[in-house]
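Work through these exercises with the sequence and the 3D view open. Try each task before you read its solution.

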Amino acid sequence: MTTTKGFSPEVLRLDPQCEADRICARIRELMRNQVKRGGVVVALSGGIDSSVTAALSVRALGRERVIALEMPERHSARETLALSGKVAGALGIATIVEDISGILQSVGFYEKYDNAVRMVVPEYGDGWASKIVISGVASQPRFTSFYLVTQNAQQVQSTVRLPLQPYLEIVAATNFKQRIRKMLEYYHADRLNYAVAGTPNRLEYDQGFFVKLGDGAADIKPIAHLYKSQVYQLAEFLGIPEEIRSRKPTTDTYSLAQGQDEFYFSLPYQMMDLCLYARNNNVTAESTAAVLGLEPQQVRMVFRDIDTKRKTTRYLHLPPLLVEEVEWE
Amino acid sequence: MNVKDEIRSFVVENFLFGDAGELTDDSSFIREGIVDSTGILQLVAYLQEHYQVAVTDEELIPENLDSVQRVAAFVEGKRSGVPCADSEG
């Protein structure tokens, strides 16, 4: 490894106009030469990534070629719909609201999820809420372990480490949400002869923070090369409402509010961005630690976690694998 | 079979589909990509079921669980009451 002189948060600074123009040119080129559909569907969550993806799509294709899908469910944060509506309004794009609670109910999601939680918290029931969090990778040299946080009707929280089977059952049930949302995105894309624009940023894409055939599925992913800090820079340039730009990133997946850095990433996104950049550009742990105000040993643990996540989530990126290559023109 | 052979057999059957390949007793599960975080949960469940060894939060560290050799030593240490490595140092 080599020390990179000049390593600082400024390395992630971009020229928003130049980058927006570059992305939009590429979106048009991909749509024209490869995707060959008339527009895009973007699922708006009220978060920064989907807002920027929608804004770039509008800039690239025109607002009449972009449809926003809003897909709340029973566990969604209350403000989700208001925020996504505000973005759609600011961009002047048509929206379709699909409440997915009924579909989730039909596939047995709520029952499956609650039953999985009851494997470790038998009293879990009406009026309770829950989420999964991980152990802090950067604070101790431990394997990642998963904890279930529950909150009862009296707002009292408790935390228990998840054994294998309840963990798998909870995640499997929860993945219904991303897959059902994607199914509806493709339904609307098909009926309009549109494509689906995915919304992962670089941290999510690189580190495998998505559900295969759920939010991981899309025809184009316009911001997958951008660090999250860069997505925020573009958001400001593109006029995304301040309420969304100042909101803490959440997964909006569990009934208890869950930050992305509680569930998947070992540090807040500003620090994760710089660690990932450092890892990609051979910046030493010492130089990175000095900039982030961490100990070099902590940064080495984050680097190791980055490498491990890349390895263990590699299969999420893979297409179905064949026994032998099938060639076509 | 001794504990080390049993652990090795568990790893080969469950994570390597019966093909030990280049697995040695010192191969790092994580570095070699043999076991991921879900695999660690699987390993912990096996230790609990097979040896009645409970793994505390502090013991979930590579020093105890990142190779056949280390897991076997961890299990034997727990069974004999010898203190194991933990993340508090």
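**Exercise 1. Place a residue, then judge its burial.** In which loop of chain A is A:Thr250 found? Then decide how buried A:Thr250 is.

Solution. The model is a predicted one.
- Step 1: A:Thr250 sits in the loop between α9 (242-245) and α10 (260-263) of chain A.
- Step 2: Count the neighbours. A:Thr250 has 18 other C-beta atoms within 10 Å.
- Step 3: Apply the cut-offs. Buried needs 20 or more, exposed needs 12 or fewer, and partly exposed lies in between.
- Step 4: A:Thr250 is therefore partly exposed, given its 18 other C-beta atoms within 10 Å.

**Exercise 2. Compare with a second residue of the annotation.** Is A:Ser50 buried or exposed? Find its element and its contacts too.

Solution.
- Step 1: The UniProt annotation "binding site", from an unreviewed entry, covers residues including A:Ser50, A:Thr199 and A:Thr250.
- Step 2: A:Ser50 belongs to helix α2 (residues 48-61) of chain A.
- Step 3: A:Ser50 has 24 other C-beta atoms within 10 Å, so A:Ser50 is buried.
- Step 4: Leave out residues up to four places away in sequence. A:Ser50 then touches A:Val42, A:Ala43, A:Leu44, A:Ser45 and A:Thr199.

**Exercise 3. Read a sheet.** What is the strand order of the open sheet of 4 strands in chain A? Name the edge strands as well.

Solution.
- Step 1: The order is β3-β2-β1-β7, and the pairing is parallel.
- Step 2: Look for strands that pair on one side only. These edge strands are β3 (94-97) and β7 (195-197) of chain A.
- Step 3: From one strand to the next, the twist averages 30°.
- Step 4: Zoom in on one pair. Strand β1 (residues 40-44) of chain A is joined to β7(A) by 3 bridges.
- Step 5: A:Val42 has A:Ala197 in β7(A) as its bridge partner.
- Reminder: strands of a sheet pair through backbone hydrogen bonds.

**Exercise 4. Describe a domain contact.** How many residues does each domain of chain A give to the contact?

Solution.
- Step 1: Find the bounds. The domain assignment gives domain 1 (12-117 + 173-252) and domain 2 (266-315) of chain A.
- Step 2: Their centres, taken over C-alpha atoms, are 26 Å apart.
- Step 3: Domain 1 of chain A gives 9 residues to the contact, and domain 2 of chain A gives 10 residues.
- Step 4: On the domain 1 side, α7 (202-207) and α8 (228-237) of chain A are the elements that give two or more residues.
- Step 5: α7(A) gives the most to that side, with 3 residues.
- Step 6: Sort the domain 1 side by class: 4 nonpolar, 3 polar and 2 charged.

**Exercise 5. Move to the chain contact.** Which element supplies the largest share of the side of chain B that touches chain A?

Solution.
- Step 1: 14 residues of chain B are in contact with 13 residues of chain A.
- Step 2: On the chain B side, α2 (37-51) and α3 (62-65) each supply at least two residues.
- Step 3: The largest share, 5 residues, comes from α2(B).
- Step 4: By class, the chain B side has 8 nonpolar, 4 polar and 2 charged residues.

**Exercise 6. Check two backbone angles.** What is the phi of B:Phe17, and what is the phi of B:Gln52?

Solution.
- Step 1: Most residues other than glycine have a negative phi.
- Step 2: B:Phe17 has a positive phi of about 50°. B:Gln52 has a positive phi of about 55°.
- Step 3: B:Phe17 lies in the loop between α1 (3-15) and α2 of chain B. B:Gln52 lies in the loop between α2 and α3 of chain B.
- Step 4: B:Phe17 is exposed because it has 8 other C-beta atoms within 10 Å. B:Gln52 is exposed, with 9 other C-beta atoms within 10 Å.

Technical notes
Residues are numbered from 1 along each chain as its sequence is written. Chains are lettered from A and ligands numbered from 1 in the order in which they are written. This is a predicted model: local features need pLDDT of at least 70, side-chain atom pairs count only at pLDDT 80 or more; totals for chains, interfaces and linings use all residues. UniProt positions are given in the numbering used here, feature names are shortened, and annotations may be inferred rather than shown by experiment. Two residues are in contact if their C-beta atoms, placed from the backbone, lie within 7 Å. Domain bounds come from an automatic or database domain assignment. Ala, Val, Leu, Ile, Met, Phe, Trp, Tyr, Cys and Pro count as nonpolar, Asp, Glu, Lys and Arg as charged, and the others, Gly among them, as polar. Two strands pair if DSSP finds at least two bridges between them. Axes are lines fitted to C-alpha atoms, for helices over the stretch in contact, and angles run from 0 to 180 degrees between N-to-C directions.
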